[in-house]
Amino acid sequence: MNTLHFGDNLEVLKNIKDESVDLIYLDPPFNSNATYNVLFSERDGLPSQAQADAFEDTWGWETGIAARAFDDATKCGDNLAILMPSFRAWLGDTGLTAYLSMMAVRLIEMKRILKPSGSLFLHCDPTAGHYLKLLLDAIFTAQNFRNEIIWRRSASHNKLSRQFGPIHDTILFYSASEDFVFHPGRTPYTKDYIAKMFRYQDEKGAYRLNEITGSGVRTGQSGKPWKGYNPTAKGRHWAIPASLRASLPRAGQGMATQAMLDALAKEGAIVFSPSGRPTYKQREGEGVPYQDVWAYQPGTKGVLQGRDEGIDQDVKWLDDDDERLGYPTQKPIGLLERIIESSSDEGAVILDPFCGCGTTVEAAERMKRQWIGIDIAHYAITLIERRLERYPESSFKVEGRPTTLAGAIELAKRDKHQFQWWAAWLLGAQRYEGKKGADRGIDANIFFPNGPYGFGRIIVSVKGGDNVSPVWVRELAGVVDREKADMGVLVTLAEPTRGMKVEAAGLGLLQRSVHGQKQRIQIATVAELLSGTFQKHLPPLPRPQIGIGRKRKDKDQLELMLPFETTAIMTEDGAFVDPRYLTIKAS
Ligand SMILES: C[S@@+](CC[C@H](N)C(=O)[O-])C[C@H]1O[C@@H](n2cnc3c(N)ncnc32)[C@H](O)[C@@H]1O
């Protein structure tokens, strides 16, 4: 069944059966701008600590996990036994070696679960791409390397003066074996090209003459003479294009090369030059099979034969368009559709172990494939759930999300931040704060319609520790006052003390309320949230889950996040607005 996993992909991958996945696309966390210095700094060096923190949480040496991954990867076969220590000897104990170790153990699992007919596409950038390619060569073998796809990820980068504007990402394509599913689509020719090149006409339409031999000699069938033409004598061999074979019944299956050439000649598809050199009639309708540069070209609308859109428009970078969900590293769905279309069949199982906001998942859903998505960020999982609401026929389960107190305790131990965001989600948070927000005492926000007073704001603070204290209540009250918010909810994993409850009760009631008397500062335990017994203490919320949101517009404004199906909201002055564009003053 289609499954979304919340958790570290290494653990999930280990539980997936051998040879059970058809196609893997992965876009691991790697933002070269943010992490370049971190990756190349020695462990004892002094990279900017704030910058390091963001990446090191899961991917650095500090936790000891990378060191274990290094040891594990080194034990996986001869290639890695040489490569991993070489990386370490050369790059030292840098973040990059830690990163490569973490990737190595995951890629080993991915190779194990991939079917022999499957493929893997690793999305990276030029900072790490060449190192990752060595890893992939070691795990998948260099023979199974298929392409380095250059994907144009932005229109321009003109702020740099000491290098050419870096505007592409790299996608490394490997197959699991020699015999893999591959049927790339085609880009239509440009109108200009057709006018120039397809100059001949017959009863089937325009065509041009193209080579039916390739360079290099072969000893088998494809090197033998046919109708007086000996390709070997010319240093060539017969190379019948797949598009031409496709014109034969059952695509000429089982036919020897010469028999296939006979069949094609009978159909009138082969033309001999006056010197006896055979060529074939290439039809304009075929277009060019996708090449390894995928680059949208602005200003080319209308130049392609039979299509209105510009060159490579299907894989265009994300603009500020409707597709954007506010997830920082979101990729455009067209990119994933192209990969899935080329390298899988309907019903295939597609895996994205770093699925982010679920671009692969949505593409797989649209293209009638089965899918597995994994992400370590709870926010990503909730976004995907919302995203899939657009596909009512979609059925999937979510694994790894705590449903019991024991599960919540486990998550709090494993990852403090994910625990906080998960607990806030359970309460009904619509907008989450990152580390900066946490420094200001805010983990998440909830907005609620409050009649003539507009939207009310509830500040959520989540505490996973067990050193419960009334100080937490006083601190939250201070934050609510400072932010001029309406309410505050303190979510605790441990049972609050009586003193905390008394303190909270003494801090007054919600002012300016159309929802009756509600305590201004409240305490909710995770157990109460799991059993659904706390929510009644809050004003009715638009919907007790997050919606898809867009970026914060500027520092004074917050954007309200609401579910897709909320198509309009009445504002204070009675106007209806599209909620996606509704902004409200932080104060
Ligand atoms: C570059 S983003 C992927 C974006 C995605 N392609 C999209 O279109 O939304 C990388 C993702 O990997 C996730 N991630 C990082 N480490 C992970 C791990 N160990 N296991 C699972 N997911 C992880 C991050 O939370 C992040 O969402």
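**Reading a ligand site and two helix pairs**

Mentor: In this model, an oxygen atom of the ligand lies 2.6 Å from an N or O atom in the side chain of Asp375. The model is predicted: local features need pLDDT of at least 70 and side-chain atom pairs pLDDT 80 or more, while totals for chains, interfaces and linings use all residues. Residues are numbered from 1 along each chain as its sequence is written, and side-chain values use heavy atoms, without hydrogens and water.

Trainee: Which other side chains have an N or O atom at such a distance from a ligand atom?

Mentor: A polar contact is a pair of N or O atoms within 3.5 Å. For Thr359, the partner is a ligand oxygen at 2.6 Å; for Asp27, a ligand nitrogen at 2.8 Å. Taken alone, the ligand exposes 600 Å², of which the protein buries 93% (Shrake-Rupley method, 1.4 Å probe).

Trainee: How many residues surround the ligand?

Mentor: There are 21 (a heavy atom within 4 Å), and Tyr327 and Lys331 are among the closest. By class, 10 are nonpolar, 6 polar and 5 charged.

Trainee: What describes two packed helices?

Mentor: The angle between their axes and the distance between the axes. Helix H4 (residues 65-74) and helix H6 (residues 95-113) have axes that come within 8 Å and cross at roughly 55°. H4 is therefore oblique to H6 (neither under 35 degrees, over 145, nor 65 to 115).

Trainee: At what angle do the axes of H17 and H18 cross?

Mentor: Helix H17 (residues 470-483) and helix H18 (residues 498-505) cross at roughly 25°, their axes coming within 8 Å. H17 is therefore roughly parallel to H18.

Key:
A polar contact is a pair of N or O atoms within 3.5 Å; within protein, one must be able to donate a hydrogen and the other to accept it, and residues adjacent in sequence count only if both atoms are side-chain atoms. Ala, Val, Leu, Ile, Met, Phe, Trp, Tyr, Cys and Pro count as nonpolar, Asp, Glu, Lys and Arg as charged, and the others, Gly among them, as polar. Axes are lines fitted to C-alpha atoms, for helices over the stretch in contact, and angles run from 0 to 180 degrees between N-to-C directions. Helices (H or I, at least four residues) and strands (E, at least two) are DSSP runs, numbered from the N terminus.
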